[in-house]
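Biologist: I'm new to this one, and I'd like a close look at a single spot before I get lost.

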Amino acid sequence: MRAKNEEESERARLASKEELAAPLQALPPVQFAFAYGSGVFHQREISESSDRMVDYILGVSSPAQWHSQNIEMNPSHYSSWIAHFGGKAVADAACILGVGVHFNPFVEWRGKVIKYGVVGLSDLVGDILTWRRLYISGRLQKPVCMLVDHSGIAQKNKVNLQAALSTAMLLLPDEFSEEQLYETICGLSYQGDIRLLFAEDKNKVSKIVQGSFSNFRNLYSSSIQQATTSDVLKLSQKDEKVLSSRFSQELGPDAVREHVSHLPSTLLQRLAAKTGTGCENSSGGSVAVADALVRFGNARQRLIKQAVASIVRTSSLKQALSGFIAAGGVNAFRYASRKVSKAWKSCS
């Protein structure tokens, strides 16, 4: 019976994945794609209404060429003014004004509403490996539904997942729950996000984790296993009833150096500036930053949060500006209204 249920569950999962991938057939070919958000994964206290927008990120080798082709195929997906200037203008605006991602929101497809963002593969990989913008990399630190991967992005993303785990452990106390771990990881890309000031659900992080707990576990199982093997993380308790674990760690100098060695270059540079080590680009940069964080003691958490927030704040501000201009006044107002509505509901 259990085998039969698992088989039925797998068929349902594949059917759902095929359904999510279906809109890609109406677009030019992509090298990488994933779906994400509450339209894909259940979130606590979010209704199962059919009007939820499904979000996509599409990776392409040449955004300018892709947009040019897509404007010919689907001109209604773009605001009229930016479509008039062509695909190169769309791609240039995304890079110059934003963080390299152009979004087309409120696209109607077979009775559903979708939003898709298009990014160049080079920018995508750069963000995954360095956290230069902590934008797409932040999205990939959470569960997503992979639809297309012809460029080995999922494999490259393992570096990003390890960096997220190491950063989270530097922020956590000596003992913490599995849920706390995932909430800390999930919250990294919201540190400093300007949308949280007025247009985002204040309980978003906890809703994401509670709605995708098993997906977080699957996503980070390999990194957690590696951390326990290297003795920087210990499994102190496992509750079989709720299938949740508790962890412990000792953040001594060796453990801090181990975690810092996995931090991406942009975060390492920000921490070097904040700790005054001034050698973030040298071979001993990570060791110097780690030693400084040890000296700062519990204040390291504040420094790390500030460093992460400084990356996210700039990216979220640029992307908000880029999105408003590219989407046009009507769509931008419509999208902002949805976000503000969610924010107000979370406060009520």
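Which strand is K115 found in?

Modeller: First, a word on the model. It is predicted, with local features needing pLDDT of at least 70 and side-chain atom pairs pLDDT 80 or more, while totals for chains, interfaces and linings use all residues. Residues count from 1 along each chain as its sequence is written, and side-chain values use heavy atoms, leaving out hydrogens and water.

Now to your spot: K115 sits in strand β4, residues 112–120 (a DSSP E run of at least two; helices are H or I runs of at least four). With 8% relative accessibility, K115 counts as buried (under 20%, 1.4 Å probe, protein chains only). Its side chain has company, making a polar contact with the side chain of D55 at 3.4 Å (N or O atoms within 3.5 Å, a possible donor with a possible acceptor).

While you're here, look at helix α11, residues 253–260, too. Its A255, V256, H259 and V260 are buried. These four cover an arc of only 130 degrees around the axis, so they lie on the same side of α11 (going by directions from the helix axis to the C-beta atoms). That fits a general pattern: an α-helix has 3.6 residues a turn, so residues three or four places apart point the same way. And what do the buried residues of α11 pack against? Their partners are α7 (153–171), α12 (265–275) and α13 (285–296), with contact meaning heavy atoms within 4.5 Å.

Conventions. Buried < 20%, exposed > 50% of the residue type's maximum accessible area, 1.4 Å probe, protein only.
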